[in-house]
Amino acid sequence: MTSSILDWFWSESFWLPQNVTWADLERPPPGEEYPRMRDILYALPLAVCVFLLRLLFERLVAKPCAQILQIQAGVPRQAQPNAVLEKVFQSKVCPDTRTLEGLSKQMDWDERKIQRWFRVRRNQDRPSVQKKFCESMWRFTFYLGIFIYAIRHLWVSPWMWDTRECWYNYPFQPLSAGQFNYYVAELAFYWSLMFSQFIDIKRKDFIIMIVHHLATIFLITFSYANNMLRAGTLVMCVHDASDIFLEAAKLANYAKYQRLCDGLFVVFSISFFITRLVIYPFWVVYSVLVESWEIAGPYQAWWLLNGLLLVLQTLHIIWFYLIARIAIKAIFKGKVAKDDRSDIESSSDEEIDSSPDTHDH
């Protein structure tokens with residue numbers, strides 16, 4: 001039963017171009033290697049190592065840096081214990097007017113007092129600035145490191161300069177050590193995000209990000225399985241580039257270097273526009289959509305993978321609209337403003353943390 005389901009799922013007619021079989025990819029020429037699906041499974045135990053490395057990094061590197069910058073953990077103000085309000089809070093973090101009126105009559109409290117209790121209770125669960133700083137420093141370090149590694153590999157790769165090289169002799173293209181390392185590192189990182197999503201800073205788009213991470217894992221895994229590695233490395237590199245500046249802007253924000261934060265966020269906005277709305281659609285997606293059709297021809301999985309790449313492009317447009325709104329406020333008002341994704345209420349200037357996460361490869 002299991003075997004027949006796997007055979008159906010890994011159908012050659014779906015995943016591979018016409019007249020190509022999985023057996024063909026198991027027999028590379030002497031001295032060469034083709035991607036093998038079982039090798040990508042190394043990403044799973046490596047994801048656990050990445051997660052543990054992150055915990056060590058945050059404790060031994062990021063936390064001391066935060067302390068040097070005088071970013072304290074801080075203890076949030078505790079809400080007055082109240083069983084009735086706590087019960088409502090568990091189902092409604094922000095009660096509506098009707099609920100407030102009902103609670104006011106039931107408890108003989110002023111509505112403003114009840115609103116104040118809910119605000120304090122929400123902020124009670126808010127992560128400290130130091131925790132946010134440590135999380136952002138880890139992401140900044142990973143994105144910077146993996147981007148440098150990718151550029152070193154791609155700079156000497158002919159398909160970076162001529163995307164048609166992605167499709168010549170496809171799918172019989174040898175796997176290099178650089179491609180394998182890059183793929184496994186990215187996949188391990190996203191699996192580690194799946195683990196840590198439940199302990200990281202919670203935001204309103206928690207479910208959306210879970211779905212997003214799963215979609216990213218799907219894209220990385222199956223582009224590896226059908227040897228679409230050349231285009232895949234371009235997609236991942238383009239996406240990592242702008243995230244470096246976003247995390248750097250967050251770090252500046254938490255350290256209260258507001259001018260640096262505003263400047264970095266504007267740089268992030270420009271880099272996001274160039275990489276996600278210019279290079280990605282007109283260089284990478286064009287190659288996967290048009291050049292691959294001309295050189296290798298379409299097949300069933302080709303439609304699926306292109307569909308997912310176009311969905312990503314749609315997300316880029318939505319995210320850029322949200323990012324541009326914040327960047328314009330930074331330019332004209334001199335301060336990064338809180339956007340609609342913020343999940344906390346605070347008088348502090350920690351708003352950039354709520355800008356749209358843009359990790360989608």
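Tutor: A residue counts as buried when its relative accessible area is under 20% and as exposed when that area is over 50%, with partly exposed in between. The model discussed here is predicted.

Student: What percentage of the 361 residues in the protein chain do buried residues make up?

Tutor: The cut-off for this class is a relative accessible area under 20%. Applied to the 361 residues of the protein chain, it gives a buried share of 51%.

Student: Is Leu52 buried, partly exposed or exposed?

Tutor: Leu52 is found in helix α4. Its relative accessible area is 48%. Because partly exposed covers the values between 20% and 50%, Leu52 is partly exposed.

Student: Which helix gives the most to the nonpolar patch?

Tutor: The nonpolar surface patch of about 540 Å² is made by Val48, Leu52, Leu55, Phe195, Phe198 and Ile199. Three of its residues come from one helix, spanning residues 43-68. The helix that gives the most is therefore α4.

Student: How many helices and strands does the protein chain have?

Tutor: From the N terminus on, the elements run α-α-α-α-α-α-α-α-α-α-α-α-α-α. The counts for the protein chain are 14 helices and zero strands.

Student: In which helix is confidence lowest?

Tutor: The protein chain averages a pLDDT of 83, and 89% of the residues score at least 70. Confidence is highest in helix α9 (residues 158-161), at 94. At a mean of 73, it is lowest in helix α1.

Student: Over which residues is the pLDDT below 50?

Tutor: Where pLDDT is low, the predicted coordinates should not be read in detail. The stretch in question has 41 contacts in the model beyond near neighbours in sequence. The pLDDT is below 50 over residues 338-351.

Methods. Residues numbered from 1 in each chain as written. Predicted model: local features only at pLDDT ≥ 70, side-chain atom pairs only at ≥ 80, totals over all residues. Heavy atoms only, no water. Patch = residues over 30% accessible without salt bridge, like charges linked within 9 Å, V, L, I, M, F, W, Y side chains within 5 Å. Areas by Shrake-Rupley, 256 points an atom, 1.4 Å probe, with all protein chains shown as cover. Salt bridge = Lys/Arg side-chain N within 4 Å of Asp/Glu carboxyl O. Helix = DSSP H or I, 4+ residues; strand = E, 2+ residues; numbered from the N terminus. Buried < 20%, exposed > 50% of the residue type's maximum accessible area, 1.4 Å probe, protein only. pLDDT = per-residue confidence, 0-100. Contact = heavy atoms within 4.5 Å.
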